[in-house]
Amino acid sequence: MKSIIEYFNKPLLKVSLIFGLITGVLVFLFFLGLYFMDIVPLGNNKILDFGIHIILIAGACWYYRKYVGNGFLHLWEALTIGYVVNTLGALIAGWLIYFFVTYADPSVFTNYLAEMKTLMLEGKAELVKNIGEAEFTKMYNGVGSMERSEIIMDEVSKKTVMAIIPILVISLIFRKQDYGVFHNKA
């Protein structure tokens, strides 16, 4: 047990986990905000929560560079921080949203499925042109058979794909290395 505690006691992991936890909770609060404003909190409206991920990834890199790295941050450290914050935030938000749509208000999930089916029917002509009638029917029926538990992996997979470029850009912006070892002082 002591070795597990020592493993998670590393500053790189500790900072990332704390910021990831904060990210997940803030994304869930954003979800609740949409819910209380009577906006369907799943789907297209929820995509704006990715800004929370970006802000907290940048904040974690800044914090680590300033307080842990003494003004220095290697690219690999920034990339690690970015992906841990993003993934943990998505996992926590996914689980919290799952518990909400399972126990607090299941109508949120059914409204979301109904909205997805409506959007698919509105764009049916374009979809059929691109993927064919059989594939459209398969996709349409697949929406109806979605389970609530798919919210968790959907959250993680979407956020992982969306975060590739922003994490790289944030890492490049915040990195700062000590190049003094390369200067010949002799």
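This note goes through the annotated spans, the aromatic pairs, one helix packing and two helix 4 residues of a predicted model.

1. Annotated spans. An unreviewed UniProt entry lists residues 12-35, 47-64 and 76-101 under "transmembrane region", and these records can be set beside what the model shows for two of the spans. Over residues 12-35 the chain is 100% helix and 0% strand, with the C-alpha atoms at the two ends of that span 35 Å apart. Residues 47-64 are 83% helix and 0% strand, and their end C-alpha atoms lie 27 Å apart.

2. Aromatic pairs and the Phe28 pair. The structure holds 14 aromatic pairs, among them one formed by Phe28 and Phe31, which is stacked, with 5.9 Å from centre to centre and 20° between the planes. Both residues belong to helix 2 (residues 11-36), and because they are three residues apart there, about one helical turn separates Phe28 from Phe31. Phe28 has a relative accessibility of 15% and therefore counts as buried, while Phe31, at 0% relative accessibility, also counts as buried.

3. A second stacked pair. Phe136 and Tyr140 form another aromatic pair that is stacked, at 6.1 Å centre to centre and with 25° between the planes. The two residues lie in helix 7, four residues apart, which is about one turn of the helix. Are these two residues buried or partly exposed? Phe136 has a relative accessible area of 3% and is buried, whereas Tyr140, at 21% relative accessibility, counts as partly exposed, since buried is kept for values under 20%.

4. A ring cluster. Which residues do ring pairs link into a cluster? The cluster consists of Phe28, Phe31, Tyr35, Phe36 and Phe100, so that the stacked pair of Phe28 and Phe31 described above is part of it.

5. Packing of helix 6 and helix 7. Two packed helices are described by the angle between their axes and by the distance between the axes. For helix 6 (residues 124-131) and helix 7 (residues 133-144), the axes come within 7 Å and cross at roughly 120°, which means that helix 6 is oblique to helix 7. On the side of helix 6 the contact is made by Lys124, Leu127, Val128 and Ile131, and on the side of helix 7 by Glu133, Glu135, Phe136 and Met139. Sorted by class, the contact has five nonpolar, no polar and three charged residues. Phe136, one of the contact residues of helix 7, is also a partner in the stacked pair with Tyr140.

6. Asn86 in helix 4. Asn86 lies in helix 4 (residues 75-104), and at 1% relative accessibility Asn86 counts as buried. What does Asn86 touch, not counting residues up to four places away in sequence? The residues are Phe50, His53, Ile57, Lys159, Thr160, Ala163 and Ile167. Asn86 and Ile167 are 81 residues apart in sequence, and yet their C-alpha atoms are 8.9 Å apart in space.

7. Ala90 in helix 4. Ala90 is also found in helix 4 and is buried, with a relative accessible area of 1%. Leaving aside neighbours within four places in sequence, Ala90 is in contact with His53, Glu155, Val156 and Lys159; His53 and Lys159 are also among the residues that Asn86 touches. Ala90 and Phe72, by contrast, are 18 residues apart along the chain, and their C-alpha atoms are separated by 27 Å.

Technical notes
Residues are numbered from 1 along each chain as its sequence is written. This is a predicted model: local features need pLDDT of at least 70, side-chain atom pairs count only at pLDDT 80 or more; totals for chains, interfaces and linings use all residues. Side-chain values use heavy atoms; hydrogens and water are left out. Axes are lines fitted to C-alpha atoms, for helices over the stretch in contact, and angles run from 0 to 180 degrees between N-to-C directions. Angles under 35 degrees count as roughly parallel, over 145 as roughly antiparallel, 65 to 115 as roughly perpendicular and the rest as oblique. Contact means heavy atoms within 4.5 Å. Ala, Val, Leu, Ile, Met, Phe, Trp, Tyr, Cys and Pro count as nonpolar, Asp, Glu, Lys and Arg as charged, and the others, Gly among them, as polar. UniProt positions are given in the numbering used here, feature names are shortened, and annotations may be inferred rather than shown by experiment. Rings of Phe, Tyr and Trp (its six-membered ring) pair if their centres lie within 6.5 Å; planes under 30 degrees apart count as stacked, over 60 as edge-to-face and the rest as tilted. Buried means under 20% relative accessible area, exposed over 50%, partly exposed in between (1.4 Å probe, protein chains only).
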